[in-house]
Amino acid sequence: MSTEYASQSAGFASFQDLALERAHDLIAVCDPAGVIVYASPSWATLGWDPAELAGRQVLDFIHPDDAGRGTAGMAQVAAGGEVEAVTARYRTADGRWIWFEASGAPIHGPDGRVAYLVGVARDVSEREALKERVQEVDALYRVADAIARASSLDELLNEAVETLIAATGVDRASVLLFDEADVMRFRAWRGLSDEYRSKTEGHTPWTPETRDPEPVLVPDVVLAGFEDWLERTIREEGIASLAFVPLVHGDRVVGKFMLYHDDPHEWTDREIRLARMVANHLASATVRTRARDALRDSRLQLETIMRTVDEGIVLQTVDGKLVYANEAAVRGVGFASAADMINTERHETLARFEMHADDGSPIAADDLPGRRALRGEASERTIRYRVKETGEERWSVVRANPVFDEDGNVTMAVSVIHDVTEARAGAERIAFLMRASELLNGTLQVEETLAALADLAVPAFAGHVTVDLYEDGNLRCVGARHVDPEKTELMRKLRVDYPPTVFDHPVQRAIRTGEPQFVADVQAEAESMAHDPAHAEAIHALQNESGIVVPLIARGRTFGAITFGTVPPQRPFTAGDQALAVELGRRASVALDNALLYREVEARAQAAEALEFVDDGVFLVDRDGVIRLWNAAAVKTFRVKPGKAVGRRVAEVIKDWGTVADRITPAAEPTAGAGAVETVPVEVKGSERWLSISAVRFSGGTVYAFRDLTEERAVEELKSDFVSTVSHELRTPLAAIYGAALTLQRDDVRLEDSQRYGLLDVISSEADRLARIVNDILWASRLDSGQMGVAIESCDAAKLVKQVIEALSHHAPSSVRLDVEAADSLPPVAADPDKLRQVLTNLVDNAVKYSPDGGTVTVAVTAVGSRIRFRIDDQGLGVPPSEQGRIFEKFFRLDPQLTRGVGGTGLGLYICRELVQRMHGRIWVASDGRRGSTFTVELPAAG
Ligand code: ADP
């Protein structure tokens with residue numbers, strides 16, 4: 001006992017008595033600094049020797065966690081106040097802690113200042129233990145309650161964290177669970193930063209497989225021996241002490257609890273026990289909640305699926321009662337809600353419909369797949385429902401399956417109803433369109449067809465159909481049909497009496513705008529489309545509900561319009577119906593256009609037929625420059641068959657058409673008469689042809705008419721050539737004869753006999769030449785005028801040839817050799833001998849004449865089959881292949897300008913051809929055009 005305390009003990013005696021009375025309370029007297037000056041004997045119950053306590057700090061015996069309260073209480077007493085009921089744990093000599101409830105009062109010194117503090121503490125450990133138990137139970141209760149209430153795992157875990165903090169007095173807490181990848185993840189926490197969580201997530205003392213995991217208690221992080229980073233992270237977060245408590249379910253660690261103190265903390269058994277208890281509860285709840293969540297999720301999914309699927313799903317029990325119907329099922333049968341449907345008696349529900357099979361036969365209720373399923377049979381069938389109230393028709397494929405219990409008894413039937421109305425309607429529309437197209441394409445009598453179309457569309461598509469077409473500028477109804485046959489007549493009559501000519505009539509609107517018109521409520525518009533009240537009345541009588549009017553337009557031409565209408569109970573038209581109506585209108589328009597085109601083409605074809613007999617060339621070019629008509633004369637001139645010309649662009653058929661067309665000015669209209677006639681050259685397959693052409697434009701294009709002047713022009717040219725060559729041909733021998741005769745006449749010139757004979761020879765041979773020219777001209781003119789008769793007889797061909805050669809050899813220049821090759825025993829030829837002689841003479845004469853450089857002329861006669869062939873070969877100038885056809889034409893000469901100095905009339909070969917043809921023979925030439933020609937004449941053998 002200190003002296004100071006002893007000196008004051010006189011005033012203290014009464015207190016001491018008091019203290020002794022309460023001997024089992026702990027009594028301590030301290031100085032204001034908290035140093036014990038007296039400890040009562042009862043301290044011995046904590047294992048301390050009271051005598052040894054004097055001089056020690058009273059706070060040394062108080063639990064660090066309670067020290068704060070102790071210090072505060074002492075300060076209050078030191079300041080002269082009193083404190084009551086401060087609970088704190090007192091340390092026993094063997095290191096345990098016991099709860100005491102202390103009260104304190106000051107002892108004043110003589111100077112009135114507080115000299116000592118006296119504290120009395122009563123053991124309340126039992127009470128505290130009880131309180132702890134209550135707290136624990138309370139905590140457990142809260143967890144259990146949370147588990148019961150929590151609608152999700154996260155809610156549950158959050159509640160658990162709250163509970164733990166409240167029950168254990170930790171500063172912070174968290175729950176982590178292993179995720180699917182067995183990584184420990186934070187699921188609920190208090191007082192932890194994002195950074196801390198992200199850094200420490202995944203850290204765990206255990207794996208899910210760890211057996212009997214024990215809590216890991218870390219009173220002081222600094223001493224725990226954690227890895228550096230982990231220690232740093234924990235300390236940076238302000239955590240000084242922590243505890244890991246495993247969450248175990250079955251054999252598996254499912255997660256952990258973390259408890260944290262901001263100051264170093266000795267973890268007590270109680271805290272850990274409490275945490276473990278909560279953990280145990282939570283682990284099983286976690287697993288359960290997880291399972292429940294999964295179940296709920298899948299049920300939710302299922303329900304969502306059931307709600308959103310387009311298939312109706314219906315469950316009925318063995319007694320036929322509906323227990324479940326999803327939205328699609330409810331919608332399908334026209335109930336407002338599932339409850340409505342479930343609460344309606346089955347027979348009432350069934351009475352709302354008429355049900356038919358695919359083939360139209362009615363279906364008995366007992367045959368419905370659901371009923372059959374209740375009898376244990378899975379089945380499927382297509383059912384047509386007609387809602388009696390609205391008349392609406394729907395198609396469904398219904399599939400039903402029985403549900404069996406373990407004993408194999410049917411407990412329920414599940415029916416799945418797949419609405420196929422749209423698909424059916426789509427298919428029916430396509431089928432309808434196809435039938436309509438067939439109908440329209442199959443005939444060119446379109447007006448009749450359109451009337452048939454009206455029949456087809458009712459009732460498949462519409463309740464009534466009217467077709468109005470323009471005829472001479474007026475709309476005429478060509479077809480009308482109403483579902484109610486009695487009303488068909490009324491409709492027709494109505495159209496005649498009241499044609500749809502009112503400005504606001506949908507038909508007029510459709511025609512005016514070229515757009516389909518949708519009339520949602522015909523009755524509402526009856527007045528605006530009617531001519532007068534009686535008309536409106538009639539429209540009302542027809543009871544049309546909705547209508548669609550489609551204009552019939554093709555290539556910018558409006559033919560009329562088709563009107564479709566619905567008549568209740570048929571449902572009103574929708575946008576989908578309008579698309580079908582428009583498509584139908586489009587097809588009808590094309591068919592109409594085709595038919596009209598066909599009619600035009602037919603008319604044109606008749607005209608074209610007449611054009612075939614016209615000598616003038618005629619062709620028609622449409623607005624796109626494509627040839628549409630090409631007559632026989634055009635074929636002849638352009639040497640292009642109609643098949644190759646019609647349908648092709650004129651520029652592809654006629655060379656350099658652009659230039660040609662530029663020179664032609666078409667008349668503007670057919671009535672204006674033909675345009676100016678132009679003579680233009682065109683190139684046809686390499687040669688030039690001259691056309692006298694004019695053109696007339698009409699709505700569909702331009703008609704060109706032309707005359708081919710090529711021949712005439714050629715003849716003209718030849719004629720003028722002829723005149724010049726013949727005059728030259730005549731003048732030359734005349735000059736020679738004249739000269740020779742003058743010389744013979746002269747008296748002043750003495751002529752030798754030989755000279756005189758020479759001159760007479762000139763006169764005779766030139767006269768002969770003159771005679772031949774004149775002869776040729778005569779022959780030609782006789783041939784032209786048809787005065788040339790032939791007298792065919794059997795002649796000796798070889799003999800004839802020899803005579804000709806004999807006669808000509810006198811005139812032939814010496815550079816030319818004449819040879820004859822005649823086969824032995826030739827059959828006689830059937831010919832007019834004079835004419836044949838003329839032919840052969842001309843040919844041999846030409847062969848000699850056109851061999852200016854000399855050579856051999858060979859005449860060969862052979863028999864070829866039943867014919868006699870004469871071949872005249874020379875080695876002269878030759879005839880170019882391109883001209884081989886033309887040299888037989890009248891007046892034609894290869895060299896009209898006489899550049900080779902060989903004269904002629906261009907009549908010889910013409911005469912040959914004409915004579916040979918008259919004697920039923922053929923003549924032709926072969927030559928490469930460079931050296932030599934071979935003329936061949938074939939005549940029939942006689943007999
Ligand atoms: P012409 O009086 O000009 O000879 P023809 O009718 O006999 O008239 O012959 C027509 C043309 O045919 C001649 O101008 C000539 O160019 C050509 N011809 C005829 N026979 C021959 C031949 N044997 N060799 C080459 N050219 C010939």
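1. Helix α28 gives the most to the shell around the ligand, contributing three residues. This is a predicted model, and the points below describe first the surroundings of the ligand and then three pairs of packed helices.

2. Besides α28, which spans residues 833-849, the elements that give two or more residues to the shell around the ligand are α29, covering residues 908-918, and β33, covering residues 933-940. Divided by class, the shell around the ligand consists of nine nonpolar, seven polar and three charged residues.

3. There are 19 residues around the ligand, and those that come nearest are Asn-846, Tyr-850, Asp-874, Arg-893 and Leu-909. Leu-909 also takes part in a polar contact, since a polar atom of its backbone is 2.6 Å from an oxygen atom of the ligand.

4. Two further atom pairs can be followed in the structure. A polar backbone atom of Gly-908 is 3.1 Å from an oxygen atom of the ligand, while at Ser-933 a polar atom of the side chain lies 3.4 Å from a nitrogen atom of the ligand. As for how far the ligand is covered, it exposes 520 Å² when taken alone, and the protein buries 97% of that area.

5. Turning to the helices, α25 (residues 710-745) packs with α26 (residues 753-784) at an angle of about 155°, and their axes are 9 Å apart. Because angles over 145 degrees count as roughly antiparallel, α25 is described as roughly antiparallel to α26. Their crossing is left-handed, and the residues of the contact of α25 with α26 comprise 19 nonpolar, two polar and four charged ones.

6. Helix α26 also packs with α28, the helix named at the start of this note, and here the angle is about 125°, with the two axes 13 Å apart. That angle makes α26 oblique to α28, and the crossing of α26 and α28 is left-handed.

7. A further pair is formed by helix α16 (residues 485-497) and helix α19 (residues 533-542), whose axes come within 11 Å and cross at roughly 155°. The angle therefore makes α16 roughly antiparallel to α19, and α16 passes α19 in a left-handed crossing.

8. For a reader who wishes to connect the two parts of this note, α28 is a convenient place to begin: α28 gives three residues to the shell around the ligand, and α28 packs with α26 at an angle of about 125°, while α26 in turn packs with α25 at about 155°.

How values were computed: Residues numbered from 1 in each chain as written. Predicted model: local features only at pLDDT ≥ 70, side-chain atom pairs only at ≥ 80, totals over all residues. Heavy atoms only, no water. Axes fitted to C-alpha atoms, helices over the stretch in contact; angles between N-to-C directions. Helix = DSSP H or I, 4+ residues; strand = E, 2+ residues; numbered from the N terminus. Parallel < 35°, antiparallel > 145°, perpendicular 65-115°, else oblique. Left-handed = near helix turned anticlockwise from the far one by under 90°. Nonpolar A, V, L, I, M, F, W, Y, C, P; charged D, E, K, R; others polar. Near = heavy atom within 4 Å. Polar contact = N/O pair within 3.5 Å; in protein donor to acceptor, adjacent residues only side chain to side chain. Areas by Shrake-Rupley, 256 points an atom, 1.4 Å probe, with all protein chains shown as cover.
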